[in-house]
Amino acid sequence: MATKCRCRITVRHYECDPLGHVNHATYVHYCEVGRLAAMTQAGLPFGAILKQGYSIVVVDMYIQYHAPAFTDEVLEVTTCITSFHGALMTWQQNITRATDGALVAVAAVNGAFTRADGRPTRIPVALRQMFEALYLPEEAPLVPRQRRQP
């Protein structure tokens, strides 16, 4: 049965900007930590994927910020895969504050499965089956906001 991966991160002081909250760019790292934890939970630690001659590279990423996070707060990164298409997989990630469950940020990340030479390739069946431990297609995908026309 597929399930979301949950991992916790404690905000470090150097991740905060002069306003005292986590810098927006730091969330890219938090999402990476969440995806790596999810791969490990599925039985595919990133190092094992590399040893087999493959990699997963981020093609694009969209993050929507909902609330600030501050030094020493514990955040929970929840990660699942919402779609597979050829060499691509879409990861849905939510970052919440552990103390009160407040939504801090959401992210949608498209990753391409590649060979060691960087060329995209379909996910091998055996690896795809392992990734399906994280596959929850019913999760609502993050839809980027539409820009207003001037």
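# Exercises on a predicted model

Strand S5 (residues 103–115) is mostly covered, with 10 of its 13 residues buried. The model is predicted, and the exercises below start from this strand.

**Exercise 1.** Determine which strands pair with S5, and in what direction they run.

*Solution.* Begin with S2 (residues 54–65): 11 bridges join this strand to S5, and the two run antiparallel. Next take S4, which is joined to S5 by nine bridges, again in antiparallel fashion. Finally, look at the connection between S4 and S5: the two strands form a hairpin with five residues between them. Gly 101, in the turn, has a positive phi of about 75°.

**Exercise 2.** Find the residue of S5 that stands opposite Val 57, and the bridge partner of Leu 88 in S5. Then describe the surface patch that holds Val 57 and Leu 88.

*Solution.* Val 57 stands opposite Ala 112 in S5. Leu 88 belongs to strand S4 (residues 88–97), and its bridge partner in S5 is Ala 112. On the surface, Val 57 and Leu 88 join Val 59 in a nonpolar patch, and the three together have about 220 Å² of accessible area. Leu 88 counts as partly exposed because its relative accessibility is 35%, which lies between the 20% and 50% cut-offs.

**Exercise 3.** Describe the largest nonpolar core and the surroundings of Trp 91.

*Solution.* The largest nonpolar core has 33 residues, and Trp 91 is among those with the most contacts inside it, as are Tyr 27, Tyr 30, Met 89, Ile 95, Phe 113 and Phe 131. At least two residues of this core come from each of strand S1 (5–10), helix H1 (26–41), S2, S3, S4, S5 and helix H3 (125–131). Beyond residues up to four places away in sequence, Trp 91 touches a set that includes Arg 35, Met 39, Cys 80, Ala 108, Phe 131 and Leu 134.

**Exercise 4.** Classify Thr 82 and Glu 139 as buried, partly exposed or exposed, and trace their contacts.

*Solution.* Thr 82 is found in strand S3 (residues 74–85). Its relative accessibility is 9%, so Thr 82 counts as buried. Glu 139 sits in the segment after H3. With 22% relative accessibility, Glu 139 counts as partly exposed. Leaving aside neighbours within four places in sequence, the contacts of Thr 82 include Thr 90, Gln 92, Tyr 135 and Glu 139. On the same basis, Glu 139 is in contact with Lys 4, Cys 80 and Thr 82. As for backbone spacing, the C-alpha atoms of Glu 139 and Ile 81 are separated by 8.7 Å, while these residues are 58 residues apart along the chain.

Note on methods: Residues numbered from 1 in each chain as written. Predicted model: local features only at pLDDT ≥ 70, side-chain atom pairs only at ≥ 80, totals over all residues. Heavy atoms only, no water. Patch = residues over 30% accessible without salt bridge, like charges linked within 9 Å, V, L, I, M, F, W, Y side chains within 5 Å. Areas by Shrake-Rupley, 256 points an atom, 1.4 Å probe, with all protein chains shown as cover. Salt bridge = Lys/Arg side-chain N within 4 Å of Asp/Glu carboxyl O. Helix = DSSP H or I, 4+ residues; strand = E, 2+ residues; numbered from the N terminus. Buried < 20%, exposed > 50% of the residue type's maximum accessible area, 1.4 Å probe, protein only. Pairing = 2+ DSSP bridges. Contact = heavy atoms within 4.5 Å. Core = buried A, V, L, I, M, F, W, Y, C linked by side-chain atoms within 4.5 Å.
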